Amino acid sequence: MSHGFQNKKFDEGRLMQVLVSPIVSEKATMVAEKSNGVTFKVLQDATKYEIKAAVELMFKVEVKGVSVVNTKGKTKRFGKSMGRRDNVRKAYVRLKPGQELNLGGEAA
């Protein structure tokens, strides 16, 4: 899987903004246990290569692969008026065997 993009250097300031927040949910925890991965909410225009570089830079771990899912925002009612939730882009980041990323902050 050697593409020309992998060796490209990204702007460090941009990489610090790519990961918006970790997603801590039941589904994300199951994915983490099953495939040694973590789930993040990321910027709408973030690429897989940027996400990989950002995780490796911020958490000092080796990334095996990145899967990205775009979720459309739901339409919701607020009294008489209709509103809409924001669209969300999620990244499922798989880590190489032996790598561990602890988002909880508790001591192991």
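Colour the protein chain by secondary structure to begin: it holds three helices and six strands, where helices (H or I, at least four residues) and strands (E, at least two) are DSSP runs numbered from the N terminus. Following the chain along its sequence, you meet these elements in the pattern α-β-α-β-α-β-β-β-β. What you are looking at is a predicted model, in which local features need pLDDT of at least 70 and side-chain atom pairs count only at pLDDT 80 or more, while totals for chains, interfaces and linings use all residues. Residues are numbered from 1 along each chain as its sequence is written, and side-chain values use heavy atoms, with hydrogens and water left out.

**The whole chain**

Switch on the surface of the protein chain, which comes to about 7,900 Å² of accessible area, with 52% of it belonging to carbon and sulfur atoms; such areas come from the Shrake-Rupley method with a 1.4 Å probe, and for residues only the protein chains shown count as cover. Of the 108 residues, 26% count as buried, a word that here means under 20% relative accessible area, whereas exposed means over 50% and partly exposed lies in between (1.4 Å probe, protein chains only). Among the contacts (heavy atoms within 4.5 Å) with a separation of 6 or more, 63% are made by residues 24 or more positions apart.

**Strand E2 and its partners**

Next select strand E2, residues 37-42. Five of the six residues of E2 are buried, so this strand is largely enclosed by the rest of the structure. Two strands are said to pair if DSSP finds at least two bridges between them, and E2 pairs with strand E1 (residues 19-22) in the antiparallel sense over three bridges. On that side, Leu 19 has Val 42 of E2 as its bridge partner. Strand E6 also runs antiparallel to E2, and six bridges join them; there you can find Thr 39 standing opposite Tyr 92 of E6.

Stay with Val 42 and display the residues around it. Apart from its neighbours within four places in sequence, Val 42 is in contact with Val 18, Leu 19, Val 20, Ile 51, Arg 89 and Ala 91.

**The nonpolar core**

Now select Leu 19, Phe 40, Val 42, Ile 51, Val 55, Val 93 and Leu 95, which have the most contacts inside the largest nonpolar core, a group of 18 residues. At least two residues of this core come from each of H1, E2, helix H3 (48-59), strand E3 (63-71) and E6 (88-95), and H3 gives the most, with four residues. A nonpolar core is a set of buried Ala, Val, Leu, Ile, Met, Phe, Trp, Tyr and Cys residues joined through side-chain atoms within 4.5 Å. In soluble globular proteins, nonpolar side chains tend to be buried together.

**Salt bridges**

How many salt bridges does the rule give? The count comes to three, taking a salt bridge to be a side-chain nitrogen of Lys or Arg within 4 Å of a carboxyl oxygen of Asp or Glu. Select Arg 14 and Asp 45, whose side chains meet in a salt bridge at 3.4 Å, N to O. Asp 45 lies in the loop between E2 and H3 and Arg 14 in helix H1, so the pair ties together parts that are 31 residues apart in sequence.

Add Glu 50 to the selection, since Arg 14 also forms a salt bridge with Glu 50, with the closest N and O atoms 3.0 Å apart. Because Arg 14 lies in helix H1 and Glu 50 in helix H3, this pair ties together parts that are 36 residues apart in sequence. Is Glu 50 buried or exposed? Glu 50 is buried, with a relative accessible area of 10%, whereas Asp 45 counts as exposed at 53%.

Finally for this stop, find Glu 62 and Lys 96, whose side chains meet in a salt bridge (3.4 Å, N to O). Glu 62 is in the loop between H3 and E3 and Lys 96 in the segment after E6, so that the pair links distant parts of the chain, 34 residues apart.

**Two loop residues**

Go to Asn 36 in the loop between helix H2 (26-35) and E2, where you will find a positive phi of about 50° although this residue is not a glycine. Then move to Lys 60, in the loop between H3 and E3, whose phi is likewise positive, near 55°; Lys 60 is exposed, with a relative accessible area of 68%.
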